[in-house]
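Biologist: Could you take me on a close look at one part of this fold, the strand in the middle of things, and show me how the rest is arranged around that part? I'd like it in one go, from the core outwards.

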Amino acid sequence: NVSQDRMRSNASWVKIAYGELGVTEVPGPKSNPRIMEYFDAVPGSEWVKDDVTPHCGAFLGWVFTKDGRGIPKEALRAQAWRAWGQPLKKPRPGAVAVIRRGTNPKHGHVFIIDDVSPDGKWLYGLGANQSDTVCIQRYPVSALFPDGLRWPPNAPVPWLPPAPRGTKTATAGVATGAVAVGVGGQVVTNVVGDAAALPRLS
């Protein structure tokens, strides 16, 4: 039930992540069972009791476990993904990105890159715990950690041809108000805005 016609990467893990668009935290004392499944996929998260707990790392742990790939030892921590897989020099759809969050050097946020803006200044991140839901959110490339671009282990890195001079790289058409079909065929509005708009990120 997932519309994949706008995906910029046909990687298996991206398709899995797309299938989770629209998974949202439950207000109040209850929790979304799906989000709790994300935590269950990550060792060391037994202490988690609700879906309000930052879960961007847990979401990626669930995605890559489902895809049959290894995950970091402390996958719940966003910055643990900085040492995972293969390093990349340039952002590309399908890669994992780890960015800074706030002024605390221990904080961060991790997501899968859905697309890169034509000017190369923005990443469109497919991730969880973004405005309390799994959605696509815009982040500045300048927020990346120096080693914050990763490619899954044991997965060949696709060649990324340079764009001809004077042309713009095609984008996935992500814009404010764009929609995608999420879990169970539910139509969800992709949240596209600045990283500063997000109150809770792991």
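Modeller: Let's settle one term before we dig in: a nonpolar core here is a set of buried Ala, Val, Leu, Ile, Met, Phe, Trp, Tyr and Cys residues joined through side-chain atoms within 4.5 Å. Keep in mind, too, that this is a predicted model.

With that in hand, the largest nonpolar core has 51 residues, and Trp13 and Ile112 touch the most other members. The elements that put two or more residues into this core are H1, H2, H3, E2, E3, E4, E5 and E6. H3 is the top contributor, giving 7 residues.

Now for the strand I'd zoom in on, E2, which covers residues 96-100. Of its 5 residues, 4 are buried, so E2 is largely enclosed by the rest of the structure. "Buried" here means under 20% relative accessible area.

What encloses it? Start with the sheet. Six strands make an open sheet with antiparallel pairing, in the order E1-E6-E2-E3-E4-E5. The edges are E1 (86-87) and E5 (133-140), each of which pairs on one side only. E2 sits between E6 and E3 in that order. On the E3 side (residues 108-116), the two strands pair in the antiparallel sense over 5 bridges. Two places to click on there: Val96 stands opposite Ile112, and Arg100 stands opposite Gly108. On the E6 side (residues 144-151), 3 bridges do the joining, again antiparallel. Ile99 has Leu144 as its bridge partner in E6.

Next comes the helix. H3 (residues 56-66) lies across E2, E3, E4 (122-130) and E5, and runs at about 55° to E3. As you look along these strands, remember that in a regular strand the side chains alternate between the two faces of the sheet.

Ile112 is worth a longer stop, as the residue opposite Val96 and one of the two that touch the most other core members. Leaving aside neighbours within four places in sequence, Ile112 is in contact with Trp13, Val14 and Ala17, then Leu60, Val63 and Phe64, then Gly94, Ala95 and Val96, and finally Tyr124, Gly125 and Leu126. Val96 is thus both the bridge partner and a contact of Ile112.

Two polar residues are worth a look while you're in the area. Gln130 is found in E4 and counts as buried, with 0% relative accessibility. Its side chain reaches the backbone oxygen of Gly125 at 3.3 Å, and Gly125 is among the contacts of Ile112. Glu20 sits in the loop between H1 (12-18) and H2 (33-40), and is buried as well, at 4% relative accessible area. The C-alpha atoms of Glu20 and Leu126 are 9.8 Å apart in space, with their positions 106 residues apart in sequence.

Finally, zoom out to the whole chain. There are 3 helices and 8 strands, and along the sequence the helices come ahead of the strands, in the pattern α-α-α-β-β-β-β-β-β-β-β. Of the 202 residues, 49% are buried. Among contacts with a separation of 6 or more, 59% link residues 24 or more positions apart. The chain exposes about 9,900 Å², and carbon and sulfur atoms supply 54% of that.

Notes: Residues are numbered from 1 along each chain as its sequence is written. This is a predicted model: local features need pLDDT of at least 70, side-chain atom pairs count only at pLDDT 80 or more; totals for chains, interfaces and linings use all residues. Side-chain values use heavy atoms; hydrogens and water are left out. Buried means under 20% relative accessible area, exposed over 50%, partly exposed in between (1.4 Å probe, protein chains only). Contact means heavy atoms within 4.5 Å. Accessible areas come from the Shrake-Rupley method with a 1.4 Å probe; for residues, only the protein chains shown count as cover. Two strands pair if DSSP finds at least two bridges between them. Axes are lines fitted to C-alpha atoms, for helices over the stretch in contact, and angles run from 0 to 180 degrees between N-to-C directions. A polar contact is a pair of N or O atoms within 3.5 Å; within protein, one must be able to donate a hydrogen and the other to accept it, and residues adjacent in sequence count only if both atoms are side-chain atoms.
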